[in-house]
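Student: I should like to examine how the structural terms applied to a model follow from their definitions. May we go through them together?

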Amino acid sequence: MRTAYSVETVRTAERELMARLPEGALMQRAAAGLAAACAELLGRVYGSRVVLLVGSGDNGGDALYAGARLARRGAGVSAVLLAPERAHAGGLAALRRAGGRVVGDGDAEALIERADLVVDGIVGIGGKGGLRPEAEAVAAAAGRSRAAVVAVDLPSGVDADTGEVHGAALRADLTVTFGTHKPGLLIDPAREYAGSVRLVDIGLALPGDAAVLEALQHADVARLLPVPAAESDKYRRGVVGIAAGSARYPGAAVLAVAGALRGGAGAVRYVGPAGDAVLARFPETLVSDRGPKHAGRVQAWVTGPGAGDDAGTVAEVLAAEVPVLVDADGLRLADRDTVRARTAPTLLTPHAGEAAALLGVSREEVEGARLSAARELAARYDATVLLKGSTTLVAAPGGGPVRVNATGTPWLATAGSGDVLSGLAGSLLATGLSARDAGSAAAYLHGLAGRLAADGTPVGALDVAAALPLAWRDAADVRG
């Protein structure tokens, strides 16, 4: 599992480690890893042109020491000092000894235009807000150039703790981060600025219970996925109820059932007006038109996709004493006090627009502060929240690490894709997974299925559903 820690936790761990090491040793570890990553990106170091954008403090020091290492290997290294009076003295001396040169910011744009590599050491992980005016010009020049851009620890101008971007920020092709991932490297919009991310181990001892963000990997998902036992039957494997669709939106019911059938539950019950459409596509579905109360026993419900204004069905499902997933129209129709009063788990799955409506803010506010939006919704509704988007977040109501998933593809931004995800997550709920685990595993598999189905081309929601078994197999293969 990939974990990310707050700036405060990282700083504490750094101080504790530096107290046990010779002076400057920790910075040398970071600089060595940074220089190695830069050399690999360059391919040929000797004769290459490298520009260091150097701010104040240790972040600039890392860049200067790494630049000195590259200079000793024959690179032409120039350091642009954006705060000359506060530049790292030891790093400057090392760069000059290695043959590097120091220039003023007036020469920066011309140097960047000719560079093969630009190293962003402007602002470290403690920076808040966008770039200062004196740094904006060089950041813009780096963005226009043909040079590869490597960020030191975090792209300058993004918020390490939240993933928010307030103002101008530098876009990197590669971010070399030290000790641990920072939340901003895993959450959009900041993630878009980071490019590829390489983690360099510098020996930090970080408490496992202090992580603020988790990103599941194949092995983690494999441990969560249900596996039938020899004595299992369709009822022991779990039954998921789908209360979705309407006369106007029968396709939502079909797509939710498509996801549910591939989510590990032993049977899928459908309740609603789209029974004929569901049976025509999936004859194995157990269909009822008598409402959720009379559908038969289920271990979890999914409600909301394509529901229109059917508030009665949503309320009936929420009254059930089993886990419930609420999506799409159901989010608008669900009463917050009713959700908060539930004793069984509830999983809400809004996209940014739906989350904005629930929070009473603009969509842009949610997209710009995804982490805080997911946490706020989970607290307001006392429910687990799966906030869909380019990076999907799963936040539990009691706090703890937020799960982040980035397996998806922009091709998943297609009508009905969210209905498939709802059915899949609901099915995992019915197998006995917690709301947090069901949402996290479903987002992971759904994103992976989207990639497999699309393969770089447009894809439809049913194509994504059809690729779910391949995604499941791919993730589960690590179990051997």
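Tutor: The discussion below sets computed values against the definitions behind each term.

Tutor: This is a predicted model, in which local features need pLDDT of at least 70 and side-chain atom pairs count only at pLDDT 80 or more, while totals for chains, interfaces and linings use all residues. Residues are numbered from 1 along each chain as its sequence is written, and side-chain values use heavy atoms, with hydrogens and water left out.

Student: Why is Ser390 called partly exposed?

Tutor: Buried means under 20% relative accessible area, exposed over 50%, and partly exposed in between (1.4 Å probe, protein chains only). Ser390 has a relative accessible area of 47%, so the term partly exposed applies.

Student: Where does Ser390 lie?

Tutor: Ser390 is in the loop between strand S16 (384–387) and strand S17 (392–395). Strands (E, at least two residues) and helices (H or I, at least four) are DSSP runs, numbered from the N terminus.

Student: What makes the link between the side chains of Ser390 and Asp188 a polar contact?

Tutor: A polar contact is a pair of N or O atoms within 3.5 Å; within protein, one must be able to donate a hydrogen and the other to accept it, and residues adjacent in sequence count only if both atoms are side-chain atoms. The side chains of Ser390 and Asp188 are joined at 2.4 Å, so the distance satisfies the cut-off. Ser390 also touches Arg191, Asn405 and Ala406, leaving out residues up to four places away in sequence; contact means heavy atoms within 4.5 Å.

Student: How do you know that S16 pairs with strands S15 and S17?

Tutor: Two strands pair if DSSP finds at least two bridges between them. S15 (residues 346–348) and S16 have two bridges, in the parallel sense, and Leu348 stands opposite Val385 in S16. S16 and S17 run antiparallel with three bridges, one of them placing Leu386 opposite Val394 in S17. Both pairs therefore satisfy the definition. S16 and S17 form a hairpin with four residues between them, and Gly389 in the turn has a positive phi of about 155°.

Student: Why is Arg370 said to have no salt bridge?

Tutor: A salt bridge is a side-chain nitrogen of Lys or Arg within 4 Å of a carboxyl oxygen of Asp or Glu. For the buried Arg370, the nearest side chain of opposite charge is Asp188, 6.0 Å away; Lys and Arg count as positive and Asp and Glu as negative, with His and the chain ends not counted. The distance therefore lies outside the cut-off. Arg370 is found in helix H16 (residues 370–381).

Student: What makes Arg332 and Asp309 a salt bridge?

Tutor: Their closest N and O atoms are 3.1 Å apart, so the pair meets the criterion. Arg332 lies in helix H12 (residues 329–333) and Asp309 in the loop between strand S13 (300–303) and helix H11 (311–318), so the pair ties together parts that are 23 residues apart in sequence. Asp309 counts as exposed because its relative accessibility is 66%.

Student: Which salt bridge does Glu367 form with a residue of helix H15?

Tutor: Glu367 is bridged to Arg363, with the closest N and O atoms 2.9 Å apart. Both lie in helix H15 (residues 363–368), four residues apart, about one turn of the helix. Glu367 is partly exposed at 34% relative accessibility, and Arg363 is partly exposed at 38%.
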